[in-house]
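Here's a quick briefing to keep beside the viewer while you look around this protein. Have the sequence and the fold open, and we'll go topic by topic.

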Amino acid sequence: MENSIAVFGLGFVGLPLSLTYTLFGVKVYGVDINEEYIENLKQYKTHVLENYKGKTIEDILKESIEKGLFVPTTKTETALKNARDIIVTVGIPIENGTLKKEVFSNAIHSIGKFLKKGDLVLIRSTVPPGTTRNVVKPILEKESGLICCKDFYLAYSSERIAEGRAFEEFQTMPVAVGALSEESKKRAVNLLSIINKEPIIEASEPEVVEISKLIENSSRDVNIALSNELASFTERLNVDVLEVIKVANTHKRVHLLTPGVGVGGHCIPYSSLYIFDKSDEIKLPMPLLHTAREINDSRPLEILSLIESKLNNLGKTVENSVFALIGIAMKDNSSDISESPAIKMKDNILQKGGNVQWFDPNVSGNFPLKKNNLGEALKDADVVIIPIKQDNINISAEVIANNAKNGCIVFDARRILNRDDVESKGMIYLTL
Ligand SMILES: NC(=O)c1ccc[n+]([C@@H]2O[C@H](COP(=O)([O-])OP(=O)(O)OC[C@H]3O[C@@H](n4cnc5c(N)ncnc54)[C@H](O)[C@@H]3O)[C@@H](O)[C@H]2O)c1
């Protein structure tokens with residue numbers, strides 16, 4: 001048996017995590033159930049947008065495969081035959097408010113079938129409290145016939161990276177670990193320390209780390225909800241919200257985050273829903289977290305109503321207008337469209353009978369209404385919405401004026417444009 005690692009799930013976390021280990025000379029078997037994606041990886045292609053030290057993730061992928069250090073596969077058996085350390089990054093998706101726990105537990109079942117004596121299973125997915133102890137352990141024991149902490153080792157360490165900075169943050173972001181035995185924790189610390197140079201934070205039990213991950217994300221949800229509520233307040237008072245936040249944050253113990261068009265991605269919105277999975281079970285209401293979710297979820301529609309009222313002032317309606325959405329990903333410089341507030345805006349516009357054309361060079365794939373370039377997306381637009389900042393979109397007041405309708409509305413959530421430039425071209429400038 002080789003001394004290699006198996007990583008389950010090769011998405012935004014699992015792929016750069018695997019490749020970070022290969023950069024340290026460790027051989028990694030990367031397992032994903034998506035066959036087409038595994039074929040793409042073998043041809044050095046991925047939808048994950050990362051880079052490190054001047055190289056794209058595709059460059060690193062190619063080098064690692066060519067050196068024999070990264071083996072993408074759909075076969076659990078091949079991976080587990082060769083690895084004694086197993087890392088799980090398969091998440092729990094949410095559809096229509098329901099947790100699809102089977103996506104995560106299916107991965108654990110497949111690992112359990114080929115688990116060997118002496119293996120370590122380290123969960124790095126974000127999960128509802130108690131998952132490592134009450135879900136992972138019994139599945140692994142049942143499938144393998146082995147006993148946890150005697151025959152195999154089990155630990156939990158949350159993943160804290162931000163997309164776009166993964167390679168760097170796997171090495172520099174402090175990580176915490178909780179385990180079901182001291183030996184499990186020791187093994188997990190050793191595995192994490194190969195790539196992470198910070199001291200590993202050792203917690204007394206996995207639940208501490210599971211819950212701390214959830215509250216790290218949910219605290220950001222609450223903070224952003226507060227800033228979003230503040231933005232609605234200052235908008236009515238005609239006061240600049242970013243200036244208010246800048247002044248408030250000069251207080252040494254205040255740290256307000258930036259308001260925006262909503263909160264996207266899986267990390268932040270899902271964390272509160274994972275908490276509610278447990279709090280509902282124990283019948284604890286947790287109104288603050290629920291309210292934060294409601295405020296952030298209603299942002300795209302709230303902003304659209306604001307734009308709609310300005311449009312109505314011009315004698316136009318959503319129905320007879322063309323909306324250009326410039327940047328559709330869930331946050332700045334991302335390729336991830338999951339739970340994207342910009343997509344919610346798009347869907348709301350379409351529901352109201354409006355016309356949409358959008359452009360985002362970071363979002364690959366053929367989507368309806370997606371345009372090939374900025375000019376096409378802006379063409380004859382009555383409203384231009386810039387929900388996020390993609391550095392590779394070269395937008396300016398001039399390019400909008402040259403393509404969109406005369407006197408169009410420009411909603412610039414990230415303050416990329418200069419108000420005077422936009423207004424000097426006869427357009428209406430709106431921001432948060
Ligand atoms: N994306 C982030 O920035 C981030 C940051 C911190 C934590 N997390 C957490 O990490 C986990 C993974 O997130 P992600 O963004 O990488 O998800 P993702 O959806 O991009 O990737 C998950 C991958 O798992 C694969 N998969 C599904 N079932 C499988 C199975 N049975 N066996 C093998 N592979 C399987 C999917 O095909 C997919 O490629 C989640 O729990 C998430 O909450 C994500």
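Two residues are in contact here if their C-beta atoms, placed from the backbone, lie within 7 Å. Keep in mind that this is a predicted model. With that cut-off, 5 residues of domain 1 are in contact with 6 residues of domain 3.

**Domains**

- The chain splits into domain 1 (4-203), domain 2 (213-292) and domain 3 (298-430).
- Measuring between C-alpha centres, you'd get 38 Å from domain 1 to domain 3.
- On the side of domain 1 that touches domain 3, the residues come out as 2 nonpolar, 2 polar and 1 charged.

**Around the ligand**

- The ligand has 25 residues surrounding it, and the closest are G9, G11, G91, A107 and S125.
- Sorted by class, that shell holds 11 nonpolar, 11 polar and 3 charged residues.
- Helix α5 (residues 101-114) supplies the largest share of the shell, with 4 residues.
- A107, one of the closest residues to the ligand, sits in helix α5.
- Is A107 buried or exposed? A107 has 24 other C-beta atoms within 10 Å, so it goes down as buried.
- Setting aside residues up to four places away in sequence, A107 touches F8, G9, V88 and V90.
- One of those partners, V88, is 19 residues from A107 along the chain, and their C-alpha atoms are separated by 8.1 Å.

**Helix α8, face by face**

- Helix α8 (residues 182-193) is 12 residues long and spans 16 Å from its first C-alpha to its last, close to the 16 Å expected at 1.5 Å a residue.
- Which residues of α8 are buried? They are S184, K185, R187, A188, L191 and L192.
- Look down the axis of α8 and the buried residues fall within an arc of 165°, so they line one face of the helix.
- The general background is that an α-helix has 3.6 residues a turn, so residues three or four places apart point the same way.
- Over on the other side of α8, E182 and N190 are exposed.
- The cover over the buried residues of α8 includes strands β6 (83-88), β9 (120-123), β10 (153-156), β11 (176-179) and β12 (201-202).

**L273 and its partners**

- L273 belongs to helix α11 (residues 267-281).
- L273 has 19 C-beta neighbours inside 10 Å, so it counts as partly exposed; the bar for buried is 20 or more.
- Leaving out neighbours within four places in sequence, L273 is in contact with I94 and L99.
- L273 and L214 are 59 residues apart in sequence, yet 9.3 Å apart in space, C-alpha to C-alpha.

**Two positive phi angles**

- As a general rule, most residues other than glycine have a negative phi.
- Y44 isn't a glycine, but its phi is positive, about 65°.
- Y44 lies in the loop between α2 (35-42) and β3 (51-52), and with 17 other C-beta atoms within 10 Å it is partly exposed.
- N96 isn't a glycine either, and its phi is positive too, about 45°.
- Where is N96 found? Look in the loop between β7 (94-95) and β8 (98-99).
- N96 counts as exposed because it has 4 C-beta neighbours inside 10 Å, and the cut-off for exposed is 12 or fewer.

How values were computed:
Residues are numbered from 1 along each chain as its sequence is written. This is a predicted model: local features need pLDDT of at least 70, side-chain atom pairs count only at pLDDT 80 or more; totals for chains, interfaces and linings use all residues. Domain bounds come from an automatic or database domain assignment. Ala, Val, Leu, Ile, Met, Phe, Trp, Tyr, Cys and Pro count as nonpolar, Asp, Glu, Lys and Arg as charged, and the others, Gly among them, as polar. A residue is near a molecule or strand if its C-beta atom, placed from the backbone, lies within 6 Å of it. Helices (H or I, at least four residues) and strands (E, at least two) are DSSP runs, numbered from the N terminus. The expected span of a helix is 1.5 Å times one less than its number of residues. The arc is that of the directions from the helix axis to the C-beta atoms.
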